[in-house]
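Subject: Structure handover

Hello,

Here is the structure for your files. My notes on it follow below.

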Amino acid sequence: MEGSKVISLVLTTSGLLVQMKEHSYYIGESLKSNPQIMELAAKIQASDDDNPVLQDFAQQGGTKLGNILSRVVGKTSYAWDEGKTNLTFTVKAVVNFMDSQKDMLKDSMLGYLSCYVLSKWLNLIKPDESVRFEALLTQYEEDMRQLGAQRDKPIRL
Amino acid sequence: MIISIPLQTILDRIHTRNYYVGESYKAKDLDYSIVQSSYDNIDELKTSVESALDEVVGMLLKRAKEISYVWGNDRYDITIVPYGRIPDNGEEVLRLLGNAITDYCAQYSIYQWLLVLKPDIANPIGSLLPNIINKITKYIGMISNPVIRRYTPFGI
């Protein structure tokens, strides 16, 4: 799979955590209707105070995501910047990889990582809620596989 | 007589055919995207192209007085010295022969490529090779027939 087209895909930590926190907010709100677990439901709603642990999960997720991209697109390396605000994936894709899929691939990557952090977060607080998000990870992986398999039609030079 | 075949022409055919093979199988299994070759695979494909040319030259050795090929810059130059007189339509036949050899090189390389990556779909492509060989031998026969002498016992 490894090729000569180098693609750089940058995910921002803020974008990732905002998406994850938004989901955790709605999950918490929906559980608050049950008075017995109201306190637990509030804990599910991640806030900025929880950023250190969420960033740890994001780091683990980054490694997993890098491995998936290596498998479905091309050899991938990734690096965090100094303040851990950006996560940059550098992918060596085949030269006929379809460039138009790049943004969709980035969206799927963000979805995967946010889902990964959310599932790990829920696993800490209310493990039974995390199962469906773990299942969603497989769907995101399949999406990335689909996008990574798209090829440009050869042009006769 | 020289037939000049640019490597680019052969590679274009290979990539285009591999693209369609990949697209048709990807609907049921995305892993078939691996057969869609590109210029990243030029080293592997060039080796197959040269094996195909070796086969062609080997096949035509007895049908021409001399036949050989050389790699020059970006193309293969096949030199053929035919037996006997070259017919009037020699140029046209030579063009057809060149096309058939190009096609054989492309098809043979695709076959080898698929044998390595997805052997389950290689055979339909491989089964087309004998037809192209027939074309090549037909065209070479039009420009170069070995001289056949009548059998005469005791030279009488």
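A residue counts as buried under 20% relative accessible area and as exposed over 50%, with partly exposed in between. The model is a predicted one.

By that scale D29(B), with a relative accessible area of 25%, is partly exposed because the value falls between the two cut-offs. D29(B) is one half of a salt bridge with R145(A), whose closest N and O atoms are 3.6 Å apart. R145(A) belongs to helix 5 (residues 127–148) of chain A, and D29(B) to the loop between helix 1 (7–26) and helix 2 (42–60) of chain B, so this pair joins two chains. R145(A) is partly exposed as well, at 26% relative accessibility.

Salt bridges

Side chains of opposite charge can pair when their charged atoms come close. Over all chains, the structure holds 15 salt bridges. One of them is between the side chains of D99(A) and K5(A), with an N to O distance of 3.4 Å. This pair links distant parts of the chain: D99(A) is in the loop between strand 3 and helix 4 of chain A, while K5(A) is in strand 1 (residues 5–12), and the two are 94 residues apart. How exposed or buried are D99(A) and K5(A)? D99(A) is partly exposed, at a relative accessible area of 42%, whereas K5(A) is buried, at 16% relative accessibility.

Another salt bridge brings together the side chains of E29(A) and K32(A), at 2.9 Å from N to O. E29(A) is partly exposed at 33% relative accessibility, and K32(A) is partly exposed at 26%.

Chain B overall

Chain B has 5 helices and 3 strands. Read from the N terminus, its elements follow the order β-α-α-β-β-α-α-α. Its C-alpha atoms fill a box of roughly 70 × 35 × 25 Å along the principal axes. Of the 156 residues in chain B, 44% are buried. Among contacts in chain B with a separation of 6 or more, 70% are between residues 24 or more positions apart.

The chain exposes about 8,300 Å², and carbon and sulfur atoms supply 53% of that area. Chain B carries 16 positive and 18 negative charges, and the mean positions of the two sets are 11 Å apart.

Single residues

G72(B) is in strand 2 (residues 66–72) of chain B and is partly exposed, at 25% relative accessibility. Its C-alpha atom is separated by 9.3 Å from that of P6(B), although the two residues are 66 residues apart along the chain.

K21(A) is in helix 1 (residues 13–31) of chain A. With a relative accessible area of 14%, K21(A) is buried, because that value is under the 20% cut-off. Which residues does K21(A) touch, not counting those up to four places away in sequence? They are A46(A), S47(A), D48(A), N51(A) and L54(A).

A surface patch across the chains

V95(A), Y39(B) and I42(B) make a nonpolar surface patch of about 200 Å². V95(A) is in the loop between strand 3 (86–93) and helix 4 (102–125) of chain A. Its relative accessibility is 33%, so V95(A) counts as partly exposed.

Regards

Methods:
Residues are numbered from 1 along each chain as its sequence is written. Chains are lettered from A and ligands numbered from 1 in the order in which they are written. This is a predicted model: local features need pLDDT of at least 70, side-chain atom pairs count only at pLDDT 80 or more; totals for chains, interfaces and linings use all residues. Side-chain values use heavy atoms; hydrogens and water are left out. Patches are made of residues with over 30% relative accessible area and no salt bridge: like charges are joined within 9 Å, nonpolar side chains (Val, Leu, Ile, Met, Phe, Trp, Tyr) within 5 Å. Accessible areas come from the Shrake-Rupley method with a 1.4 Å probe; for residues, only the protein chains shown count as cover. A salt bridge is a side-chain nitrogen of Lys or Arg within 4 Å of a carboxyl oxygen of Asp or Glu. Helices (H or I, at least four residues) and strands (E, at least two) are DSSP runs, numbered from the N terminus. Buried means under 20% relative accessible area, exposed over 50%, partly exposed in between (1.4 Å probe, protein chains only). Contact means heavy atoms within 4.5 Å. Lys and Arg count as positive and Asp and Glu as negative; His and the chain ends are not counted. The place of a charge is taken as NZ of Lys, CZ of Arg, CG of Asp or CD of Glu.
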